[in-house]
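Student: Could you take me on a close look at the place where the two domains meet? I would like one connected account, please.

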Amino acid sequence: MTRPLRVAVVGLGWAGSVHTRVLRSLEGVTLVAVADIDPARRAAFDGVPAVSSLEELLELELDYCVVATPTAEHEPMGLALAEAGVPALIEKPLGASLPAAMRLVKAFEDAGLIAAVGHTERRNPAVRELGLRLRAGEFGAVYQVVTRRHSPFPGRVRDVGVVTDIAIHDVDLTMWLTGSQITSVAGNVRCLEGRAHEDLAIAAMRLSGGEIANLQVSRISPYKERMVAVHTAQGWVTADALTRTLTHYAHGEPTVSAPGKVTSYEVPGAEPYQSQHEAFRDALLGLPNDIVTLREGAAAVAATEAILSAAHTGACVTPTDHLLTRR
Ligand SMILES: NC(=O)c1ccc[n+]([C@@H]2O[C@H](COP(=O)([O-])OP(=O)(O)OC[C@H]3O[C@@H](n4cnc5c(N)ncnc54)[C@H](O)[C@@H]3O)[C@@H](O)[C@H]2O)c1
């Protein structure tokens, strides 16, 4: 029998706490240690050794490491892991900028190491079912993707705006659901008075397969919304990530715009972080898996940078296209 994989987590904030909770009971994996620079965070953690730096974790012969530090720290942490030969699951956004994200892509590709980005919204059971059914061609051609993601202010995220922190989920979902790349972006953002970063954003996008897409995000909303809607040749299909419900509004007969049958069901499934770690474990074991690659993570960073650039210049922006080429 294969021995359990030795994993550690660096960063014990909101995301790190979810990773550690899942890893403590994940089959085939042993959580060997955690790290955080904040002594209070370490003190609040029990069950496995808690150290203060990634360097200390690197002495523990890890099979992989989770990076759940603030975004600016992803690059130095990831580069250190790649240099030490340790596969990594890095939280989204992959990097604080596209060059930072691409340096991580290069470091892990050059080292021949498995690495992934924590785009957990793909793993919501309803969204995942939508993606799998779309990609199997069940609904025919995809015409349009519409996403809405609204939340109350999360207090803890102050270093980046809502585009970098939240809309990155939607650009990743849009590319994953369509299997296409974002080729053109127009956008607008709005900042509440006194805030350093944007709190609301909208974007309209075109994709390489001819699909069109738009997103709306805000982090100052009194209610939560997580909606993905896809207009296809077979009608609209929506995934509500909060209720985990998939709904298909089929076209009626004889005209395509007449309302047809509506089918709706709740999708059961593992919690997103668990499913993410199962996929990463399977990747390390050489089993079939659907981890989110660093190149996909970098493409999402490129798209969010394009939204911000479009919003600030008023121009239509093309996210850099060197990401389309795999080595
Ligand atoms: N996938 C998701 O849906 C999702 C959800 C929330 C957060 N995130 C991502 O996870 C990351 C962390 O977000 P968070 O909300 O948990 O942040 P947080 O501020 O709550 O936690 C970050 C932790 O990292 C620690 N830290 C900072 N620098 C460090 C260093 N050099 N060495 C060791 N520890 C260090 C901090 O002390 C803190 O405990 C961000 O990139 C965020 O975008 C992803």
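Tutor: Happily! In this predicted model, Arg128 and Asp290 join their side chains in a salt bridge, with 2.6 Å from N to O. Across the interface of domain 1 and domain 2, the rule finds three salt bridges. Polar contacts are found there too, in nine residue pairs with both partners at pLDDT 80 or more. On the side of domain 1 that touches domain 2, the elements giving two or more residues are α5 (98–111) and α8 (272–284). Of these, α8 gives the most, with three residues.

Now for the domains themselves. Domain 1 covers 5–120 + 273–292, while domain 2 covers 121–269 + 302–324. Domain 1 and domain 2 each bring 17 residues to the contact, and their C-alpha centres are 26 Å apart. About 1,500 Å² is buried between the two domains, and carbon and sulfur atoms supply 53% of that area. Within domain 1, the residues that lose the most area to domain 2 are Leu98, His119 and Thr120, which together make up 37% of what that side buries.

Helix α9 (residues 294–313) is worth a look as well. Its 20 residues should span 28 Å at 1.5 Å a residue, and the end C-alpha atoms are indeed 28 Å apart, so the expected and modelled spans agree. Because 15 of those 20 residues are buried, α9 is largely enclosed by the rest of the structure. Just after α9 comes Gly314, which takes a positive phi of about 80°.

Definitions and conventions: Residues are numbered from 1 along each chain as its sequence is written. This is a predicted model: local features need pLDDT of at least 70, side-chain atom pairs count only at pLDDT 80 or more; totals for chains, interfaces and linings use all residues. Side-chain values use heavy atoms; hydrogens and water are left out. Helices (H or I, at least four residues) and strands (E, at least two) are DSSP runs, numbered from the N terminus. The expected span of a helix is 1.5 Å times one less than its number of residues. Buried means under 20% relative accessible area, exposed over 50%, partly exposed in between (1.4 Å probe, protein chains only). Domain bounds come from an automatic or database domain assignment. Contact means heavy atoms within 4.5 Å. Buried area is the accessible area (1.4 Å probe) that two parts lose on being put together, summed over both. A salt bridge is a side-chain nitrogen of Lys or Arg within 4 Å of a carboxyl oxygen of Asp or Glu. A polar contact is a pair of N or O atoms within 3.5 Å; within protein, one must be able to donate a hydrogen and the other to accept it, and residues adjacent in sequence count only if both atoms are side-chain atoms.
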